[in-house]
Amino acid sequence: MGEPELTPMQVIELAASAIKKVHMHGRRGVETVTNDEIVAVIGMVLDMGADALVNLERALNEDRDAARYRWIRDGSLDPDIAFLTGEDLDRAIDAAMAATLSIGIQL
């Protein structure tokens, strides 16, 4: 008998979990990506095609930007990085957010 077939929702959940783990790679307490998650991501990529991948990348970038905005809006911006712009500001915010997460504070 083969492995049970996953529902589309289960595939999406596995893929989302894998993408989140890859995005958080290198941060303390992050789990490794499982074989099922990798297979789910590969299957989704093959099913989606190139145009959908561009849209997915755009959506992920927008999600990251939204998270940065919420983090700043909530008063977490360090005054020392307030003068930065563009990608320099993004990197500084990402590093500060990662440091906050690594000490166990939930945003």
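Me: Is Arg68 buried or exposed, and how do I read that from a relative accessible area?
Reply: Relative accessible area places each residue in a class: buried means under 20%, exposed means over 50%, and partly exposed lies in between, with a 1.4 Å probe and protein chains only. The areas themselves come from the Shrake-Rupley method with a 1.4 Å probe, and for residues only the protein chains shown count as cover. Arg68 has a relative accessibility of 10%, so Arg68 counts as buried.

Me: What kind of model is this, and what should I keep in mind about its numbering and atoms?
Reply: This is a predicted model, in which local features need pLDDT of at least 70 and side-chain atom pairs count only at pLDDT 80 or more, while totals for chains, interfaces and linings use all residues. Residues are numbered from 1 along each chain as its sequence is written, and side-chain values use heavy atoms, with hydrogens and water left out.

Me: What is the mean pLDDT, and where is confidence lowest and highest?
Reply: pLDDT is the predictor's confidence in each residue, on a scale from 0 to 100. Where pLDDT is low, the predicted coordinates should not be read in detail. The mean here is 74, and 78% of the residues reach 70 or more. Confidence is lowest in α1, at a mean of 74, and highest in α3, at 82.

Me: How many helices and strands does the protein have, and in what order do the elements run?
Reply: Helices (H or I, at least four residues) and strands (E, at least two) are DSSP runs, numbered from the N terminus. The protein has three helices and zero strands, and from the N terminus on its elements run α-α-α. Arg68 is found in helix α2, which covers residues 35-73, whereas Gln10 is found in helix α1, residues 8-23. Gln10 is partly exposed, with a relative accessible area of 34%, and its C-alpha atom is separated by 8.8 Å from that of Ala40, although the two residues are 30 apart along the chain.

Me: Which residues does Arg68 touch, apart from those up to four places away in sequence?
Reply: Contact means heavy atoms within 4.5 Å. Not counting residues up to four places away in sequence, Arg68 touches Asp90, Ile93, Asp94 and Met97. For the protein as a whole, among contacts between residues at least 6 apart in sequence, 41% join residues at least 24 apart.

Me: How many salt bridges are there, and which ones involve Arg68?
Reply: Side chains of opposite charge can pair when their charged atoms come close. A salt bridge is a side-chain nitrogen of Lys or Arg within 4 Å of a carboxyl oxygen of Asp or Glu. A search of the whole structure finds six of them. Asp90 and Arg68 meet in one, at 3.6 Å from N to O, and this pair links distant parts of the chain, with Asp90 in helix α3 and Arg68 in helix α2, 22 residues apart. Another joins Asp94 to Arg68, the closest N and O atoms being 2.7 Å apart; Asp94 lies in helix α3 and Arg68 in helix α2, so the pair ties together parts that are 26 residues apart in sequence. On the acidic side, Asp90 is partly exposed at 25%, and Asp94 is partly exposed at 27%.

Me: Where do Arg91 and Asp88, another salt-bridged pair, lie?
Reply: Both lie in helix α3, three residues apart, about one turn of the helix, and their closest N and O atoms are 2.7 Å apart. Arg91 is partly exposed at 49%, and Asp88 is partly exposed at 45%. Salt bridges that share partners also join Asp65, Arg68, Asp90 and Asp94 into one network.

Me: Which residues form the largest nonpolar core?
Reply: A nonpolar core is a set of buried Ala, Val, Leu, Ile, Met, Phe, Trp, Tyr and Cys residues joined through side-chain atoms within 4.5 Å. The largest has six residues: Trp71, Ile81, Leu89, Ala92, Ile93 and Met97. Helix α3 (residues 86-102) gives the largest share of this core, four residues. Leaving aside neighbours within four places in sequence, Leu89 is in contact with Ile81 and Leu84. Across the protein, buried residues make up 14% of the 107 residues.
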